[in-house]
Amino acid sequence: MIAEGKKRIWKDYQKEIADDRYYYARSCVRQNFFPGSEAAFLKILREELGKNVFDDPAHTSCTGIGYHADVVPLETTMTVIARQFALMTEAGYQNFVPSCITSFGLYSEIIETWHHFPETLEKTRKYLKQATGREFEIPDNLAHASDVIYKFRKEIGEKGKYRLVNHNTGEPLKIVEHIGCHYSKMFPHKGVGGAEYPYVLVGMIEEWGGEVVDYPERRHCCGFGFRQYAVKANRGYSLSCSHKKFESMEPYHPDAILTNCPGCPYFFDRWQYAISELEGKTYGENGFGIPVLTYEEMAGIVLGYDPWELGMQLHQVSVEPFLEKIGFPYDPEQKYKGKYGQDLGKPKVPEFLKVCC
Amino acid sequence: MGKVYDLLLKDVRFTEGMNSCINCGTCTAICPAAEFYNYQPRKIVDLVQSRDEEALIGLLKSETIWYCGECMSCKTRCPRGNAPGLIIIALRSLSQELGYFTESEKGRQMLAIKRTIGEWILKYGYCLYPPEMDMEGHPEQGPIWEWELQHLPEIFEKVGGNYNKPGAGTLRRIPQEALDELRAIFDVTGGTARFEKIEAESAKVAEKMGMDFQGGEDQYFKHVFNAIQINHHHS
């Protein structure tokens with residue numbers, strides 16, 4: 001009885017994630033700041049898991065950041081999203097996989113709006129036809145790219161060469177996870193574990209040997225706030241939110257921060273640098289910051305991919321302390337070199353934040 | 001029922017977000033903006049459900065509606081199923097539609113958002129694009145970004161990207177046909193009209209302020225992007 005009751009309760013927190021044949025919609029923020037992550041996602045799905053993923057050059061931004069910065073009207077965003085779905089339909093796919101939490105939240109919101117207000121769906125079909133001549137089907141399955149990695153976390157773990165375990169002590173690494181507000185705060189049933197017990201990143205961490213660290217401000221926003229970061233005069237909002245989280249997680253001495261949304265790791269990475277410059281304060285060990293990883297980077301490291309091909313040299317907070325803890329061999333000489341070993345110089349060293357260069 | 005409230009009722013985000021507020025303040029307790037700014041989503045929802053026309057117009061002209069970060073934490077927690085964040089989005093849309101956004105310092109920032117994110121979407125097909133995010137506008141990016149900006153093609157090649165090139169891949173050049181379709185969608189659905197409204201209303205204010213208003217990063221753009229001339233925080 002107890003087990004059945006548990007199953008019934010947890011049924012509300014599960015979501016269906018398609019098994020194969022994905023239409024991949026790239027993220028503006030992830031492509032700009034974590035470009036290696038999207039390449040890693042495709043490599044993992046295609047080469048490790050043998051999945052069919054369509055990477056379409058013709059899709060565009062969903063306009064999500066513009067929508068939530070209030071410069072793009074709802075009807076415009078709906079129709080741009082309808083165009084993405086039209087491209088998916090024309091390519092013969094039904095499973096839509098966005099690489100961005102803002103997009104994922106927006107796709108969820110628009111599909112729900114079409115469901116509850118059918119006249120908006122009809123209007124969108126008319127607008128899209130008028131503007132582009134295209135027609136579209138709503139996806140059968142909408143899953144964020146992290147949902148797909150979560151679905152195959154066991155397979156990735158089994159193929160993996162490294163575990164999230166300190167190779168000197170044998171202890172699991174302490175990982176803080178940050179889910180990204182729009183993953184499930186708006187539509188809890190759309191996220192694995194809902195808004196109360198989001199499990200998408202926790203499942204990865206536990207499967208790959210790490211220990212999830214709970215802390216008071218775990219569910220607080222990273223502080224993007226769209227216009228609150230986009231406009232320089234507002235950026236104190238963004239910085240303050242991240243600062244609140246760093247102060248809250250600091251006593252637990254996390255070895256890394258794992259993120260779901262492409263924006264959150266950017267803010268956690270860059271605001272650690274900004275705080276070090278403003279206050280001389282750092283949150284990692286020995287003057288370093290706390291390394292911040294995307295889920296693709298973490299999966300890639302578990303699988304033994306080269307950290308510099310994963311783009312981890314593009315973090316302002318050095319990831320080397322994390323790599324060293326799990327005993328991951330890397331070549332520091334290649335960190336800032338080009339693909340063919342060409343010398344690209346080196347970034348300047350921050351005044352307070354210690355970095356590996 | 002006043003005119004402003006009637007207009008709000010036409011926005012599905014408003015009708016979905018506004019049920020019946022019991023003034024419990026749970027939204028304010030969880031709101032990141034309420035910690036940072038002199039802001040209470042509870043008060044916004046309470047005022048809106050009063051349907052007081054004069055107060056609603058005041059709200060559309062106020063600083064208050066621009067403080068929210070649209071994180072939607074309030075939506076999860078409201079015991080009555082309201083979504084103050086959605087109400088805010090509807091208020092901000094209406095403030096722009098009625099030309100009230102230029103009455104507040106935070107509202108006037110719409111010009112900067114239009115000339116950055118708004119125009120980048122149509123120009124590149126992305127909300128962000130590296131060469132547009134320089135160190136002057138984004139000093140928080142740190143020396144790593146300064147280095148990256150100097151070597152974008154080589155770095156993207158190393159990490160499996162396709163920077164500014166045709167075909168698929170990370171930060172590829174979006175095909176012109178796709179950009180043309182994007183622009184056509186903006187024309188048909190009101191996106192272009194909103195951009196034009198923001199420019200037109202901002203031009204009037206720039207003239208009153210005696211500021212240069214030529215497009216791009218002109219004097220008025222720099223002013224609204226950087227200005228903090230009033231106290232937005234708890235005193």
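These legends accompany several close-up views of a predicted model with chains A and B.

**View 1. Chain A as a whole.**
Welcome to chain A, which holds 16 helices and eight strands. Its radius of gyration is 21 Å, close to the 21 Å that the globule rule gives for 357 residues, so chain A is as compact as a globular protein of that length. Measured out along the principal axes, the C-alpha trace spans about 60 × 55 × 45 Å. Of the 357 residues, 59% are buried. If you like contact maps, note that among contacts in chain A with a separation of 6 or more, 77% join residues 24 or more positions apart.

**View 2. The two domains of chain A.**
Here chain A is split into domain 1, covering 20-145, and domain 2, covering 153-334. Their C-alpha centres lie 25 Å apart. The contact between them draws on 26 residues from domain 1 of chain A and 28 residues from domain 2 of chain A. Which helices of domain 1 each supply at least two residues of the side that touches domain 2? They are α2 (28-33), α3 (35-48), α4 (64-68) and α6 (101-116) of chain A. By class, that side of domain 1 has 13 nonpolar, eight polar and five charged residues.

**View 3. The two domains of chain B.**
Chain B is also divided, into domain 1 (3-100) and domain 2 (107-226). The C-alpha centres of these two domains of chain B are 28 Å apart. In the contact, four residues of domain 1 of chain B meet six residues of domain 2 of chain B. On the domain 1 side there are one nonpolar, three polar and no charged residues.

**View 4. Where chain A meets chain B.**
This view shows 74 residues of chain A in contact with 68 residues of chain B. Helix α5 (residues 74-91) of chain A provides the largest share of the chain A side, six residues. That side of chain A comprises 35 nonpolar, 25 polar and 14 charged residues.

**View 5. The largest nonpolar core.**
In soluble globular proteins, nonpolar side chains tend to be buried together. The largest nonpolar core of this model has 176 residues. Which of them touch the most other members? From chain A they are A:Ile81, A:Val97, A:Val148 and A:Leu258, and from chain B they are B:Ala33, B:Ile87 and B:Ile117. Helix α5(A) gives the most to this core, with nine residues. Zooming in on A:Ile81, its partners are A:Cys62, A:Leu106, A:Tyr107 and A:Ile110, leaving aside residues up to four places away in sequence.

**View 6. The loop around A:Gly92.**
A:Gly92 sits in the loop between α5 and β3 (95-98) of chain A. Is A:Gly92 buried or exposed? With 9 other C-beta atoms within 10 Å, A:Gly92 is exposed, since a residue with 12 or fewer such neighbours counts as exposed. A:Arg21 is 71 residues away from A:Gly92 in sequence, yet their C-alpha atoms are 9.3 Å apart in space.

**View 7. Helix α14 of chain A.**
Helix α14 of chain A runs over residues 263-279. At 1.5 Å a residue, its 17 residues should span 24 Å, and the end C-alpha atoms are 23 Å apart, which agrees. Because 14 of these 17 residues are buried, α14(A) is largely enclosed by the rest of the structure. Just after the helix, A:Gly280 takes a positive phi of about 70 degrees.

**View 8. Helix α8 of chain B.**
Now for a helix in chain B: α8, residues 84-97. The expected span of its 14 residues at 1.5 Å a residue is 20 Å, and its end C-alpha atoms are 20 Å apart, which agrees. Of the 14 residues of α8(B), 13 are buried, so the helix is largely enclosed by the rest of the structure. B:Gly99 follows α8(B) and has a positive phi, near 75 degrees.

**View 9. B:Glu177 on helix α13.**
The last view turns to B:Glu177, found in helix α13 (residues 176-189) of chain B. B:Glu177 is exposed, with 10 other C-beta atoms within 10 Å. How many Å separate the C-alpha atoms of B:Glu177 and B:Ala206? The separation is 35 Å, for two residues that are 29 residues apart along the chain.

Notes
Residues are numbered from 1 along each chain as its sequence is written. Chains are lettered from A and ligands numbered from 1 in the order in which they are written. This is a predicted model: local features need pLDDT of at least 70, side-chain atom pairs count only at pLDDT 80 or more; totals for chains, interfaces and linings use all residues. Helices (H or I, at least four residues) and strands (E, at least two) are DSSP runs, numbered from the N terminus. The expected span of a helix is 1.5 Å times one less than its number of residues. A residue is buried if 20 or more other C-beta atoms lie within 10 Å of its own, exposed if 12 or fewer, and partly exposed in between; C-beta atoms are placed from the backbone. Two residues are in contact if their C-beta atoms, placed from the backbone, lie within 7 Å. Ala, Val, Leu, Ile, Met, Phe, Trp, Tyr, Cys and Pro count as nonpolar, Asp, Glu, Lys and Arg as charged, and the others, Gly among them, as polar. A nonpolar core is a set of buried Ala, Val, Leu, Ile, Met, Phe, Trp, Tyr and Cys residues joined through C-beta atoms within 7 Å. Domain bounds come from an automatic or database domain assignment. The radius of gyration is taken over C-alpha atoms; the globule rule is 2.2 Å times the number of residues to the power 0.38.
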